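Hi,

Here is the structure I promised to pass on. Please have a look at it first; my notes follow below.

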Amino acid sequence: MRNYADAHCDTIVRLFEEKKELFMNDVHIDIERFKTFYAPLQFFAIWLDPKYYPISMRQTMKYIDFYYSQIEKNAEFIGHVNGYSDILHNMKQNKMSALLSLEGGEALEGEISALRTYYRLGVRSMTLTWNHRNSLADGVAERGSKGGLTVFGHEVVMEMERLGMLVDVSHLSEAGFWDVATTGNKPFIASHSNAQTICNMPRNLSDSQLGAVAEKGGVVGLNLYPPFLTKEKQGDIEDILKHIYHMLSIMGEDFIALGTDFDGIDCTPKGIRQVQEIEFLFNRIEKEFGEDILEKISSKNLLRVLEEVL
Ligand SMILES: [Zn+2]
């Protein structure tokens, strides 16, 4: 059985909204189908639909409560991760590890105390923005503003580093990206972004951005969303391979991870409809690049960053 570590999915929000269960369901991810892999690690992001921005914190509380209720119901199969030792502990028992993340600093409502309180509630990773401008920074959809981190955003990044939370630059504007790259000392991640040279989309990263993530020791998580893989057709496993080839040439083999975006995307690449079918991608990576690189991409690289940051 293979290892698996994925830096991004939106399953918790989707299950809450569709009133479904984490153990077994008909969305992209459930515990039952995860049994294909050995003690997988999954980041569970809490994403806020912009309609919730006026009640960001209240809605985030509902999702966090739902997350824990699902973890508690399935305690024999899955354990929440506060620190790296929790991952090792879960692995020993062949249990899944769940890492709680926030997708967008809207959840803070401009309060640094909220960041610390989310940390106390078990949040261990946060993308600073979603696509729009918030009190931390400009998101990637703010074309032309050239806005990066605000003073508050800078404070948040420094406090996340101090606490031991992963700073995630997916969805952040380019100026914001470079502010993060030059702010902290610890590795940061782009949890679910691909290579712009292969597919020129604002949500993907330029070669110099890929290089900067690697230089800081972070990872870029491969996003399965077909429009981020190729503009020409419905993306497939071969298109993911093209991104891996390119990222290997720019970053080397220690800085690529998975960031599937399962349950946050309305279509998937040909051949990967749900989580257990990642196995097909793994087979193809192993054939193309060998077992060592597969192990790094499928889990080791992300685990290394978590060991260093949490
Ligand atoms: Zn996203």
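Glu103 and His171 are both buried. Both coordinate the zinc ion, and His192 completes the list of donors found. Glu103 binds through OE, and the two histidines bind through NE2, at 2.0 to 2.2 Å. Bear in mind that this is a predicted model.

Along the chain, the donors are spaced E-x67-H-x20-H. Glu103 sits in strand β4 (residues 96-103), while His171 is in the loop between β6 (166-168) and α7 (174-181), so this pair ties together parts 68 residues apart in sequence.

Next, the packing. The largest nonpolar core has 85 residues, and Leu128 and Val156 touch the most other members. Helix α10 (residues 237-251) supplies the largest share of this core, seven residues. Another core lies apart from it, with 19 residues, including Val219, Leu303, Leu306 and Val309.

Leu128 deserves a click. Beyond its neighbours within four places in sequence, Leu128 is in contact with Val156, Gly104, Gly105 and Asp168, among others. Its partners also include Leu136, Leu149, Val157, Met160, Val167, Leu172 and Val180.

Last, helix α12. This helix covers residues 291-309, 19 residues in total. From first C-alpha to last it reaches 26 Å, close to the expected 27 Å. Where does α12 bend? The bend is at Ile297, by about 55 degrees. Ile297 is also one of the buried residues of α12. Others on that list include Ile293, Leu294, Ser298, Asn301 and Val305. Leu303, Leu306 and Val309 are buried too, and they belong to the 19-residue core.

Best wishes

Definitions and conventions: Residues are numbered from 1 along each chain as its sequence is written. This is a predicted model: local features need pLDDT of at least 70, side-chain atom pairs count only at pLDDT 80 or more; totals for chains, interfaces and linings use all residues. Side-chain values use heavy atoms; hydrogens and water are left out. Helices (H or I, at least four residues) and strands (E, at least two) are DSSP runs, numbered from the N terminus. The expected span of a helix is 1.5 Å times one less than its number of residues. The bend at a residue is the angle between axes fitted to the seven residues ending there and the seven starting there. Buried means under 20% relative accessible area, exposed over 50%, partly exposed in between (1.4 Å probe, protein chains only). A nonpolar core is a set of buried Ala, Val, Leu, Ile, Met, Phe, Trp, Tyr and Cys residues joined through side-chain atoms within 4.5 Å. Contact means heavy atoms within 4.5 Å. Donors are N, O and S atoms within 2.8 Å of the metal (3.2 Å for Na, K and Ca); water is not among the atoms, so sites may look incomplete.
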